[in-house]
Each structure stands twice: as C-alpha cells, then as structure tokens.
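Below are notes on the model you sent, as numbered points. They take up the sheets of one chain, then the interfaces, then confidence and salt bridges.

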Amino acid sequence: MFYLKVLEITSLYTILVLGVYLMTGLTGLFSLGQGGFVSIGAYTAAIAFMKLNLPFPVALMMAVVMGAVLGFLIGIPTLRLRRDYFLLVTFCLGEMVRAALLYLAQLTGGALGMAGMPRKVGLPLILISIVFITFILYSLKRSRFGRDCIAVRDDELAASMMGINVFAHKMKVFIISSAITAYGGALYAFNILFIEPNLFNWLESGRLIIITFVGGLNSIAGVIITSAIYYSFGEFFRFIDVWRDVLLALVVILVVIFRPGGLFQGLELLPQKLLSRTERK
Amino acid sequence: MKINLILQQLLNGISLGGVYALMAVGFGLIFNVLKFSNFSHGGVVAICAYFGYFISQHVYPNFIVTLILTAIVGGFIGVIIEKLIFRPIRLKGAPLTLFLVNSITAAMLVQQFFAVMWGDNYYPYPEFIKETAIHIGEFTVSKIYLLMLSISAFVLLILSYILRKTKIGIAIRAASSDIRTPSLMGINIDFVISTAFFFAGILGGVTGYLLGMAFTVDPFIGSMILKGIIAAIIGGMGSLGGGVVAGLLLGVAESLLIAEIGASLTPIVIYASIILLLLIRPEGISGKGYIVKA
Amino acid sequence: MDVLRIEGVSKNFGGVTALVDFFMVQHENEITGIIGPNGAGKTTVFNLINGVYPLDNGRIFFINQDITESPAHKRAEMGISRTFQNIRLFKNLNVLDNMKVACGWKVRYSLWEEMIRLPRPQREEKEIDEKARYFLEYLNLTQYANQRPDNLPYGIQRRLELARTLMAEPKLLLLDEPAAGLNPKEVVSLMEMIKKLQQDYNLTIIIVEHHMELIMKICSLIHVLDFGKKIAVGKPEEIKRNESVLQAYLGDGA
C-alpha cells in the first residue's frame, strides 16, 4: 500500500516533468511559471467538477484547454522576445496565478484551498497517461517537430534561416507543454484531493526544470528516471527528506559543471528507438 | 483618498522602490556582462538578510557597522558564487541555458537551506530607531522608510560614480557591449566579471539588510528578487538607469494600488500590466534593444 | 531574369552606418561576388537579403516579389538559402538531422499525424531521409552521417553547411566567406564544388569572400563595398584595375 502511494505520487510528478521536458529540455524554453499551470489545471478541473457539476472527463478536458489557452496568451507577448523575457514573465505568471487564486476566494476557497473532491484518479489512469504522453513525446522527438525543437534550442537565428517559423514553433511547444502540465495538475487534484494556492510556487517550477537538466536534455528516459528517483527518494529516506532539495541542487550544479549533457546524455530506452537506430545503419 | 494620504503612500512607495531599484541594478549588472538572468542574486539577498539579522541582533547592534559589514559579506558571496558555479561553465564556453540552470539552482539551494535550518521562525532585526515616525505637519513619515530611501540612493550614487569614473567601472560597462573589450584595455576579463559580481553582491547585501529590517527575515525573502526583476523588465533589460526609474515607479505604483484596491488584487494588476507592457513596448522605458549578430 | 533586386537599401546600427543606399541586381544562373575590407558591410547585405533584421530604407525584390517585409523563414521557403561566416550547424543534431532540418518546412503532414505516428509522416520522413543521404553523397559526406558536427574537421563542417543549403532546393544561394579557415588545397576543391553545384542545380549564387583568387576565378560580376558604400562594380578584370578598389584595400593595410 505504501509503495503504491509512493508510485502514485512519483508518477503524478513525472507527468509534470514530462510537460516541462518538451519545452525546456528539447526546445530550451525556460519557464518559472509552470507551477502556475499546474494550479490552473488543478483548480479548473476541481471547480468544473465541484461547482459546475460537470462530469469528470469534461472537467479534465477543461483543464487541458485552459492550460493551452493560457499558454497561448502568455506566449503572444513573450515568445518573440529574447528568451529571458519569457523566463521572467512566466515567473510573474506563476506568482500572478497564486495571487489570483487567493483573491478569488469565493470560487477557490482562497488560502484554505479546495478539498472534498472524490478520488477519481488512481494509479491505472496515471500510468496510462504517462505511457501516452511519453509515446507522444517520443514520436515528436524523432520526427520533424523534435528536430525543429532542437534546432531552435541550439540556434534560433540559423533555425529561422532553415525555414522554421521560430515564433510559431515555440508557441506550439509552449501550448503542448502547458496542456500536459495542466492535465497533470488536474490529475493531482483528483488524486491527492486537496489543493491550495501555494502548492506550486516558483520553486516547484524550478525543480521541474532542474530535474530535466539532471536527466539530460536529449533523453526522455533519463528525465523519467531522474524524476522517479527524486520524487520517491523522500518517501524512502524520511530522515533526510527535508534536505532533499538541497541535495538535488548540489547534484545539479555538479552535473551542469562536469556532465553538461545530463546524467543520461542521449539515452533512450524504447524498443522503437533501438529498432529505428539499426534501420538507419 | 485624501491628498496627504496619497503623499504618504507616495513616500512609502519611493522608499520601497529604492530597494527594488537596488535589486534591479544588482540583477542588471550581471545580465549586462554575462547576458543571463541571475536568480542567484535572490540567494545573495537571502543570505545577507540572515547574516545582517545575526550580527545586528547577536554580535554588535550598531546600524551603520552591521550594514557595511553585511554589504561586504554580500560582495564576497557574489564573488564566491561566481567562482564556484559560473566560472567553471564559462571557461568551458557553456551555453547560456546552463548559466540559467545554475542560477536557478543556487537560488533554490539557498532558500531550501534556510527553510530547513531556520524556516520555522521569523527573525526580526533590532529596533535601531526608537521613535519610528517623524511628524511634519499632517504627515507621518516612517523613519525606517526614510533610512531605506537615503541608503538606497547613496549606494546607487556611489555605484554610478564607480561605473562612470573608475577604470574597472568603465571596463564593466565596456564588457556589457562586448565581453572581449576589457582585454583590449589590458584588464583581465575574469577580474572584471568577479568585480561585477562583487558590486552586485554588495547591492544584494544592502538589499537583504534593508528588506530584513523593514519586514522580517524568512527563507522566502529571496523571492523578493521578483520585484527587482520586474523593475529590470520595465526599465528595459540591460539598462541600469531604466531599472532604477522603474524600481521607483514600481514601488510607488504598488503602494498606491495597495491603498486603493487592496493588497490581494495589487499583485494581479501589476503582473498583468507587465505582460501588457511587453506586448506594447518590449524594450521597456529606456528603449534599449538587443541586436542578434549573424 | 533578375533573381534578386536590391533598391536603395540602408542600414544603421545604433548610429553606426553599416550600409548606405545599396543597389544590386542579380541575374539568374550567375555567380556574383561581394568583396571589401573588414567592416565594409558585406555580411550586412546578406543579413538584409534573408531577413535577419529589418532594413531602414529601400526595398528588396526576389523573383519580382517584394520581400522587404517578409520574415526570415518565409524567405527561406521562397528559395533563399545561406551559409554562415562562423559556421552555424546545430550542435545537438547529428549530420543527417542537420540536413533534414533544412527541408522541414516542406513536409505536408500535420503535427497531429506526427504525434500519433500515422503512416504519412513515416512515409515523408523516409523521403526526407533519402534526400538527405543523396546530398551527403553528392558532397562526399556520407561517412559522417551519424556524427555530431562538433567532432568534424573544420573543412567538413563548411562542406556540410553547403550540403544543408541544398536540402531546401534553393533558387538563390548566399555563401558567407565559404573559404575562411580552409587550407589552399581545400579552397581549390571548394571552387570546383561551387561551380559544380551551380551547373548541376542551376543555382544563382552570391559570395562574400576575402579570398581574392576564389572570387576572381568563379565570379562573373563583383561588387566592392567600403564603409557601407558600393565603390565599384564590374567584371573581375575590371575590378583588378580599379583605382578606388586598390585604394580601399591598400588604405586598409591589406
């Protein structure tokens, strides 16, 4: 039972990490506001279900759509500018979402948060979601979209000379990532059954970025493994749990300095990938 | 609102804005030279807020002495951070993204460290000033706020002098337009970058001290860097002068908004206006832009 | 037919003049050179042609279409391809993928089809793969297909950039100092390669170069820039004898 719970929580967070992987890992877009998207997803689904009495699948869909729409709106002013603007504005966005959730207390319960959601999300749904999202990310990574992502990350200017509409591409990436992140948030709300505005602050967003980097920019498998280790770590080593982030931070700095490609470099584990590799040769 | 209430808020806003300006400049100095958003500046602010609390409360409760000491410690923390986590990757010619990752990580490291060590408590600075307010006619002016304003102004003036008149200051500004220039002036680039971090660290030290004094110290004090960052964006990234003006504006806007629409709605309005501002005028109030070289 | 027409184009960078009132007409299937001392504005011409930054004044026409306002990626789609002075290959993509990136805009499949791996993306990817291998073979790069560009010798990287431009089947090719950093032997083979390219694919080519021998041998027309102004234009032998050109170069100490 304990292990199941750990697996559940770890898997939930891994969905969030996967969302960030596409934008930060593959495309080099740094957002310190993904925590905001988690909250948006969680609250949208919870409000849709609890206050609007919509069926659960519809509530999930609404969360995804909200995430995508918000991503689009934030993308318009920021994705044309230097990447720092995107980073800083998403940082603001995360805080803005937090402030808004606190302000809209009638709808969101304010600082008290929301509770009382029925447990609609169990391990099977979470695992199926992970498999599905991973499948999509792998598919994108090995075809044109993924190539364009890496090209944009490496050299935006050269990418635009290759006929890539850099702005539109970054927009698509951000929308997909935000949708995945919001979806993860919605699952969270109906699994943990309690959400509050401060749950996902900029630290959580930073953590998602950092895990992506430790895992490796070019390795979905590495990112999943790192995420699994990080989020289950505390459950198994309670005595050291509070130091978890400090340890993670130290590991990250060492990795960045000594192994900038991430712990797992370009490792991929799916059989398709291995097959396609041999085909190419 | 009554007129003197407005004036009151204006003054409070400017004082707070002075601290925001300090942060914006500390942030901007590093952004100019190395072209990445240095979140670890928030870490410096947090460490110094704690350090300032510790020495003023437990070692030597003298305002000026502890402030100067904290500033210097801040400067050295800046240098150490640069040496430990930025220099190794800079020498390898790492892409900017790695600088970013390291700076975010450092900020997180500091915040979580303090959260674990002293996260359960709020730590107040000693009351340096017995009488907390001065009355001028109908005005009531908080002395702490006046102090904050004058110290921020003083520090910024000194920095501006150093950047304009001294050789190393000119080298830092030259490095802002092209990182290779200082070596043409016969100054080692590593030294220039270290010095930039030292100055930024000093600003961070003063910021931490003032914030700690005005509020109380908690692990999340480093997140106040957000205000500095907002000021830097409004001012136009890379423009120190713009950052100062924007910091003051932000402080005033914040104070007036809080008085008018309340503390919970204010951040929403401010963040939303920044996003709008970027849509209309991304180069900020200073209008400084960046050219991508092919 | 005129492939490219530049009419009175000017560009300033924060008060520094990079290019003043520049005119140029590029005929089809010709190789043209742009030369001039360092900082004369040669690369600026390229950057304006393919839209790296907007121009201050003037207009640019590509095959009778006004492209002055077109964004860079549109110009690439219309058929303007380029190489870079300081090689800009994608470090995290292998040689083959570097090639494929350049014709990504041509695919007809949608993002959704790509996400769930429908047959069409797979089919088109296979075509792209074949095409990339064909051009690698064409420039003798096949052996490097699975390597990262970083690990390749300089000369190979330059050739790879050239091969990459072909992937988009361009009409106009801009080569920014293709001979920089190459040894004399490599320069000779580069010259042959450029000529061969031009003939095999009916390309129109503009070259910015310092290497005089290369320019004089393969260009039919040469424009000379100095401090952002065009000081001469003519056939190679005319340029060789032009007083103001000699002046500009000698004055520069070259």
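1. Two strands are taken as paired if DSSP finds at least two bridges between them. The model is a predicted one. On that basis six strands of chain C form an open sheet in the order β6-β7-β8-β3-β9-β10, with mixed pairing. At its edges are β6 (80-82) and β10 (229-234) of chain C, each of which pairs on one side only. From one strand to the next the twist averages 20°.

2. Within this mixed sheet, β6(C) and β7(C) (residues 172-176) pair in the parallel sense, over three bridges. Arg82(C) has Leu174(C) in β7(C) as its bridge partner. Helix α1(C) packs on the sheet and touches β3 (31-35), β6, β7, β8 (204-208) and β9 (221-226) of chain C. The direction of α1(C) makes about 145° with that of β7(C).

3. Another helix to inspect on these strands is α7(C), residues 184-201, which lies across β3, β7 and β8 of chain C. Helix α7(C) runs at about 155° to β8(C).

4. Chain C also has an open sheet of four strands in the order β2-β1-β4-β5, with antiparallel pairing. Strands β2 (16-27) and β5 (65-66) of chain C each have a single partner strand, so one side of each is left without a neighbour in the sheet. Helix α1(C), residues 42-49, lies across β1, β2 and β4 (57-62) of chain C and runs at about 115° to β1(C). Helix α1(C) is thus listed against strands of this sheet and also against strands of the six-stranded sheet.

5. How many bridges join β1(C) to β2(C)? Eight join the two strands, which run antiparallel, with β1(C) spanning residues 2-13. Ile6(C) stands opposite Met24(C) in β2(C), and Asn12(C) stands opposite Thr17(C) in β2(C). The hairpin of β1(C) and β2(C) has two residues between the strands, and Gly14(C) there takes a positive phi near 50°. Strand β1(C) is also joined to β4(C), by five bridges, again antiparallel. In that pairing Leu4(C) stands opposite Phe62(C) of β4(C).

6. The interface of chain C and chain A involves 32 residues from chain C and 31 residues from chain A. About 3000 Å² is buried between the two chains, 59% of it on carbon and sulfur atoms. Three residues, Phe90(C), Met115(C) and Arg117(C), supply 23% of the area that chain C buries against chain A, more than any other three residues.

7. On the polar side, chain C and chain A share three salt bridges. One of them links Glu114(C) to Arg144(A), with the closest N and O atoms 3.7 Å apart; the cut-off for a salt bridge is 4 Å. Eleven residue pairs between chain C and chain A are in polar contact, both residues being at pLDDT 80 or more. The elements of chain C that each supply at least two residues to the side touching chain A are α2 (72-78), α3 (95-101), α4 (111-115) and α5 (119-138).

8. Which atoms make up the area buried between chain B and chain A? That area is about 4200 Å², and carbon and sulfur atoms give 84% of it. The contact joins 47 residues of chain B to 42 residues of chain A. Zero salt bridges are found across this interface, and three residue pairs are in polar contact, both residues at pLDDT 80 or more. Two or more residues each come from α1 (3-34), α3 (63-91), α4 (96-118), α9 (225-235) and α11 (266-280) of chain B. The largest share, 16 residues, comes from α4(B).

9. Confidence in chain B averages a pLDDT of 84, and 95% of its residues score at least 70. Over residues 290-294 of chain B pLDDT stays under 50, and the model has 18 contacts for this stretch beyond four places in sequence.

10. Over all chains, the search finds 31 salt bridges. One of them pairs Asp190(B) with Arg90(B), the closest N and O atoms being 3.0 Å apart. Asp190(B) lies in helix α8(B), residues 189-214, and Arg90(B) in helix α3(B), so the pair ties together parts that are 100 residues apart in sequence.

Definitions and conventions. Residues are numbered from 1 along each chain as its sequence is written. Chains are lettered from A and ligands numbered from 1 in the order in which they are written. This is a predicted model: local features need pLDDT of at least 70, side-chain atom pairs count only at pLDDT 80 or more; totals for chains, interfaces and linings use all residues. Side-chain values use heavy atoms; hydrogens and water are left out. Contact means heavy atoms within 4.5 Å. Axes are lines fitted to C-alpha atoms, for helices over the stretch in contact, and angles run from 0 to 180 degrees between N-to-C directions. pLDDT is the predictor's confidence in each residue, from 0 to 100. Buried area is the accessible area (1.4 Å probe) that two parts lose on being put together, summed over both. A salt bridge is a side-chain nitrogen of Lys or Arg within 4 Å of a carboxyl oxygen of Asp or Glu. A polar contact is a pair of N or O atoms within 3.5 Å; within protein, one must be able to donate a hydrogen and the other to accept it, and residues adjacent in sequence count only if both atoms are side-chain atoms.
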